[in-house]
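Trainee: Before we dig in, can you walk me through the charged residues here?
Mentor: Sure, let's have a look.

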Amino acid sequence: MAHGKTSCVCLPCRASYKQPYPGYDDHDRVCPRCAEPLIHVGSAFAAPKRRDTAAWRTLSVLLHAGVRFHKSCCGGPGYRPRTLSEVRERMAYARATGESFAQALVRRDLP
């Protein structure tokens, strides 16, 4: 049986690659286009189109906040904002309440 694969992305190239799960002896993975480090995003990740710069900017904010796309026991990764306006709303909520940015970004509904 083949081993499962997970997704890694290169933000500068706006590219996604399926890779085997990282092992104990794996070194840092690099982009085959630009040789920058790849970011492990999880197996439930669906990459936006390369020309959709707003979606990649939103993804960049999520990844830099530590949000990933791993499957949970009930299916997918849960809620993730898809637009910059949703990200801005959640960042403002996090500043106002003191909640961490990562937690506010994955919150489905804001109170």
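Trainee: Which residues does arginine 80 touch, not counting residues up to four places away in sequence?
Mentor: Leu62, Val67, Arg68, Phe69 and Val106, where contact means heavy atoms within 4.5 Å. Keep in mind that this is a predicted model, with local features needing pLDDT of at least 70, side-chain atom pairs counting only at pLDDT 80 or more, and totals for chains, interfaces and linings using all residues. Numbering runs from 1 along each chain as its sequence is written, and side-chain values use heavy atoms, with hydrogens and water left out.

Trainee: What makes the link between arginine 80 and arginine 68 a polar contact?
Mentor: A polar atom of the arginine 80 side chain lies 2.7 Å from the backbone oxygen of arginine 68. The cut-off is a pair of N or O atoms within 3.5 Å, one able to donate a hydrogen and the other to accept it; residues adjacent in sequence count only if both atoms are side-chain atoms.

Trainee: How do you know that arginine 80 has no salt bridge?
Mentor: A salt bridge needs a side-chain nitrogen of Lys or Arg within 4 Å of a carboxyl oxygen of Asp or Glu. For arginine 80, the nearest side chain of opposite charge, glutamate 86, is 11 Å away, so there is no salt bridge.

Trainee: Why is the pair of arginine 107 and glutamate 99 called a salt bridge?
Mentor: Because their closest N and O atoms are 2.9 Å apart, which fits the cut-off.

Trainee: Why is glutamate 99 called buried, but arginine 107 partly exposed?
Mentor: Buried means under 20% relative accessible area, exposed over 50%, partly exposed in between (1.4 Å probe, protein chains only). Glutamate 99 has 19%, so buried; arginine 107 has 27%, so partly exposed.

Notes:
Lys and Arg count as positive and Asp and Glu as negative; His and the chain ends are not counted.
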